[in-house]
Amino acid sequence: MSPASIALNRFGYGFSAKDSAVGDPRAYLLRQCDVFDPAPAAIATRLSTRAKTGEMLELLRRLRQDTRAMTAMEQDGAPAMAEGMTRQEARAAALDGLPPEYREQLVEARRVLADDIAVRVNTALTSPAPMVERLVHFWSNHFSVSVGKPGIQFEAGPHEFTAIRPHVLGRFSDMLKAAVLHPAMLIYLDQFQSIGPNAPFAQRRARRGGDQQRPRGLNENLAREVLELHTLGVDGGYSQTDVTELARALTGWTVPGIGRVGRFAEDQPSGAAFVPLVHEPGARQVLGRSYPAGEAGQALAILDDLATHPATAHHIATKLARHFAGDTPPPALVARLEEDFLTTDGDLASLTRALIEAPEAWRSGPVKFRTPFEWLVAALRLTGTTTLPPQRIVGALTELGQVPWRAPSPAGYDDLAASWAGPDALIRRVELAERIARNAPQDGVIARAEAAFPGTLGEATLTQLKRAESGQQALALLLVSPEMLRR
Amino acid sequence: MTTSLDRRSLLAGSLLGAGTLALPRLAFAQGTGRRNLLFVLLRGAADGMAMLAPVGDPGFAALRGATLADYENAPRLGSFFAVHPALAEIATSAAAGEALFVHAAATAYRERSHFDGQNLLESGGTAPYATKDGWLNRLAGLMNAGAPAPLRALAIAPAVPLALRGDAPVSNYAPSALPQASEDLLARVSLLYGADGELGPLWARALETRAMAADDGLKNLRDASAAGELAASLMRGDSGARIGMIELGGWDTHANQRGAFARSARQLDALLAAYRTGMGAAWTDTLVVVATEFGRTARLNGTGGTDHGTASAALVMGGAVRGGRVIADWPGLADGQLYEGRDLAPTIALESVIAGAVAEHLRLDPKLAMARLFPGRSDAPLSGIIRA
């Protein structure tokens with residue numbers, strides 16, 4: 001791959017005729033950091049759906065005995081629940097027989113979610129900074145949430161738009177606090193239900209005999225994933241005690257508008273609520289460091305320290321290097337990024353510059369197999385598509401197997417070719433390519449191919465493009481060419 | 001060596017005498033030959049007590065009175081258990097000695113989230129999300145060790161499910177809702193990928209799978225019978241997949257369970273019947289394991305359904321299965337016998353069932369299989385599932 005092709009494809013979302021010319025490849029990428037818009041119109045004008053989250057969780061709580069609602073909620077979430085049915089039928093079946101007020105909320109939740117997915121894709125199609133859009137999606141996957149749990153449908157878009165996007169060239173510690181303490185994550189990893197065993201609320205409950213049906217206490221889910229996935233990494237040197245201590249520190253962080261304790265909630269900048277009554281009292285010890293008793297600030301202080309920990313630097317450097325420079329990232333690049341992260345205390349703009357400037361990121365390659373999402377965005381950009389309706393976007397991503405904010409685990413979607421370069425996946429890309437090509441301008445395909453992969457287009461591909469029986473067929477072939485599938 | 005099994009077993013309606021319980025002596029890694037394994041995951045927590053009703057337990061009528069009529073003329077496995085009438089084909093297989101149920105089985109998971117329960121059943125880990133690959137993939141890895149070429153492992157699903165993810169090469173296939181690409185484009189893509197070392201072979205496998213499935217005429221996996229035929233068509237013959245996995249949903253029967261369960265059960269029954277027929281002569285060398293993440297509450301709830309529970313039933317089926325019976329250490333249904341006062345209590349580790357069945361069928365060392373597929377478990381793999 002030529003440097004220009006690497007800048008377009010490895011770092012960005014591929015060529016779009018509306019882009020400025022690449023020119024000097026590094027300067028082209030560095031410029032994107034300046035022109036990136038953290039809140040383009042579609043995001044800035046998005047109406048708040050925060051109230052709906054609390055409403056949905058409250059309704060579910062009320063309906064807990066009415067098990068039909070739980071059916072729908074679980075079925076809606078199960079990633080592959082309906083192999084025996086079509087998606088529409090599964091949805092209809094899941095909706096069938098639900099309490100009307102919950103049915104209405106589910107329909108609304110799906111609409112909001114589809115709209116948010118469309119905002120994400122359409123923003124990437126027209127962004128003047130496709131490399132930074134890639135970074136947004138990289139970090140969003142790093143702090144993965146899944147709409148499989150009820151309530152998150154309203155929060156997954158805002159999680160990316162407000163907790164990830166504004167910090168993508170900011171400080172990692174700010175992104176960490178925003179992403180981890182966002183309602184989407186608090187719901188996804190069960191934090192919103194976690195209660196300090198010695199917190200005033202738990203003590204009062206115990207005195208009253210408690211709620212026999214639902215014993216509640218400390219939930220370690222979020223604390224564990226913060227250490228394992230978001231910061232230190234699985235081999236980052238933390239112990240079960242650290243997990244439990246962080247879980248204790250996180251108690252009180254919850255979602256606004258829910259529960260009997262809701263009226264005691266203090267609103268937080270992340271959109272979350274903090275309820276002191278639920279917070280485990282006392283000082284905490286995490287990774288050998290002491291944190292004095294201190295309500296909401298306690299977790300923030302721990303997260304700040306985790307954000308700049310050497311193990312975090314190594315973990316983040318490895319993932320970022322893997323994303324841009326190959327499934328087995330070059331150790332020299334990992335070391336370079338790690339050092340930058342450490343010396344700047346996690347300045348992500350500096351880290352991005354270090355990545356752009358690192359020679360290891362410019363190996364001629366290709367070094368990565370495009371994920372379905374990357375491929376679809378690149379294909380649409382190449383065909384000149386600037387906007388696509390939500391249902392078509394969601395439909396295509398569903399068929400490709402990578403709907404945003406629906407990863408199968410808190411680890412997010414895999415960033416390895418082995419997970420995506422499957423036979424069935426190839427067939428689907430070819431099928432979709434033929435369909436996309438049918439609806440796109442079909443002229444000048446060879447010129448477009450040369451612009452998309454400057455100095456990089458292989459003879460084999462060029463030959464097949466020239467031999468195609470029509471512009472449409474040539475375009476379809478270009479969309480599934482080896483050059484297009486990899487970066 | 002079979003005392004523990006004897007003690008634990010209710011040999012209900014066995015067509016084989018207890019004398020045949022003696023275990024086949026299994027050598028390690030004799031090679032798997034043409035043996036096939038299909039794992040069917042019932043997502044949503046299938047109700048084992050509806051699937052295989054313990055009609056002989058006096059507690060059953062008290063807990064499930066409203067469903068008793070379903071089992072009046074249902075096929076029996078011994079005097080104690082009745083097979084749900086919608087599972088007629090499976091019952092036929094059981095009567096022919098080719099299917100057995102394991103009852104009151106559960107994984108190590110004791111909470112009640114589908115998410116985590118499925119994750120644990122598929123990953124084979126001891127805690128949800130603790131293990132990142134799946135036991136079925138580790139099984140493929142185990143069988144690939146020392147083999148001249150990796151075996152084919154295939155999910156009949158739009159994406160590779162967690163159980164099949166991992167280091168061993170796997171593939172997946174599902175009928176697509178996308179319009180099929182034109183033959184001309186497919187041929188040209190072959191030329192396009194001809195010289196590409198990675199895409200060329202992948203594409204060839206894709207076309208091959210597509211050709212094998214070409215006459216299915218399916219757009220999705222909605223028709224369970226067609227899905228079963230499809231699975232068989234992809235697992236037959238020398239080039240077929242040796243390991244297959246398929247998922248079925250619709251088991252989360254919180255309300256109006258009688259109708260909902262029967263619908264899902266008919267799907268499972270049709271799928272397995274079509275698969276059995278489709279495998280033809282290879283059925284003799286085929287093992288099907290059907291499992292779900294956890295069971296449901298023993299008592300019907302106020303909406304005629306059941307809520308998330310603990311133990312459920314598993315089904316093991318195939319030409320080599322020593323079937324016609326139920327393996328259970330029946331925990332009982334009296335109030336004091338229910339798990340946490342509400343669920344069928346688990347008495348057999350589902351992991352032991354899977355590891356034991358799979359190891360005997362594929363001629364793997366059962367202990368090794370248990371350790372690799374479900375590390376960190378203390379349970380011994382169940383033995384005597386496959387005929388000597």
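Let me begin in the middle of chain B, where strand β6 (residues 153-155) runs parallel to β8(B) and is joined to β8(B) by 3 bridges. This is a predicted model, so please hear everything that follows as a description of a prediction. Within that pairing, B:A153 stands opposite B:I243 of β8(B).

On another pairing, strand β1 (residues 36-42) of chain B also runs parallel to β8(B), and here 6 bridges join the two. If you want one pair to look for on the screen, take B:V40, whose bridge partner in β8(B) is B:I246. For anyone new to sheets, strands of a sheet pair through backbone hydrogen bonds, and they may do so in a parallel or an antiparallel way.

Now, how many of the residues of β8(B) are buried? The count is 6 of its 6 residues, and the strand is therefore described as mostly covered. We can look at its two faces in turn: B:I243, B:M245 and B:E247 are buried on one side, and B:G244, B:I246 and B:L248 are buried on the other, which leaves both faces covered.

Next to consider is helix α6 (residues 135-144) of chain B, where 8 of the 10 residues are buried, so the helix is largely enclosed by the rest of the structure. Among those buried residues are B:W135, B:N137, B:R138 and B:M143. What do the buried residues of α6(B) pack against? They pack against β1, β6 and β8, the strands we have just met, and also against α11 (350-362) and α12 (366-373), all of chain B. After α6(B) comes B:G146, and its phi is positive, near 80°.

Chain B also holds a sheet of another kind, an open one, in which 3 strands lie in the order β2-β4-β3 with antiparallel pairing. The strands at the edges are β2 (52-53) and β3 (76-77), and each has a single partner strand, so one side of each is left without a neighbour in the sheet. Between β2(B) and β4 (residues 81-83) there are 2 bridges in the antiparallel sense, and B:A53 has B:A82 of β4(B) as its bridge partner.

Let me step back to the whole of chain B, which has 12 helices and 12 strands. Of its 388 residues, 58% are buried. If we take the contacts in chain B between residues at least 6 apart in sequence, 73% of them join residues at least 24 apart.

One residue that illustrates this is B:M317, which is found in strand β10 (residues 312-318) of chain B. Is B:M317 buried or exposed? It is buried, because 26 other C-beta atoms lie within 10 Å, and the cut-off for calling a residue buried is 20 or more. Leaving aside neighbours within four places in sequence, B:M317 is in contact with several residues, including B:I90, B:E98, B:L272 and B:V288. By contrast, B:R205 is 112 residues from B:M317 along the chain, and their C-alpha atoms are separated by 29 Å.

Turning to the nonpolar cores, I would recall that in soluble globular proteins nonpolar side chains tend to be buried together. The largest nonpolar core here has 159 residues, and the members that touch the most others are A:M185, A:L246, A:L337 and A:L479. Helix α7 (residues 100-126) of chain A gives the most to this core, with 11 residues. As for A:L479, setting aside neighbours within four places in sequence, its contacts include A:A379, A:I436 and A:M484. A second, separate core has 123 residues, and B:W135 and B:I246 are among them.

Staying with α7(A), we find that helix α4 (residues 50-62) of chain A packs with α7(A) at an angle of about 145°, their axes being 11 Å apart, and that the crossing is left-handed. On the α4(A) side the contact is made by A:K52, A:E55, A:M56 and A:L59, and among the residues on the α7(A) side are A:E101 and A:Y102. By class, the residues of this contact divide into 4 nonpolar, 1 polar and 4 charged.

Finally, the two chains meet in a contact that takes 57 residues from chain B and 45 residues from chain A. Among the elements that give two or more residues to chain B's side are α5 (114-123), α8 (199-212) and β8 (243-248), the strand with which we began. That side of chain B has 30 nonpolar, 17 polar and 10 charged residues.

Notes: Residues numbered from 1 in each chain as written. Chains lettered and ligands numbered in written order. Predicted model: local features only at pLDDT ≥ 70, side-chain atom pairs only at ≥ 80, totals over all residues. Contact = placed C-beta atoms within 7 Å. Helix = DSSP H or I, 4+ residues; strand = E, 2+ residues; numbered from the N terminus. Nonpolar A, V, L, I, M, F, W, Y, C, P; charged D, E, K, R; others polar. Pairing = 2+ DSSP bridges. Core = buried A, V, L, I, M, F, W, Y, C linked by C-beta atoms within 7 Å. Buried ≥ 20, exposed ≤ 12 C-beta atoms within 10 Å, placed from the backbone. Axes fitted to C-alpha atoms, helices over the stretch in contact; angles between N-to-C directions. Left-handed = near helix turned anticlockwise from the far one by under 90°.
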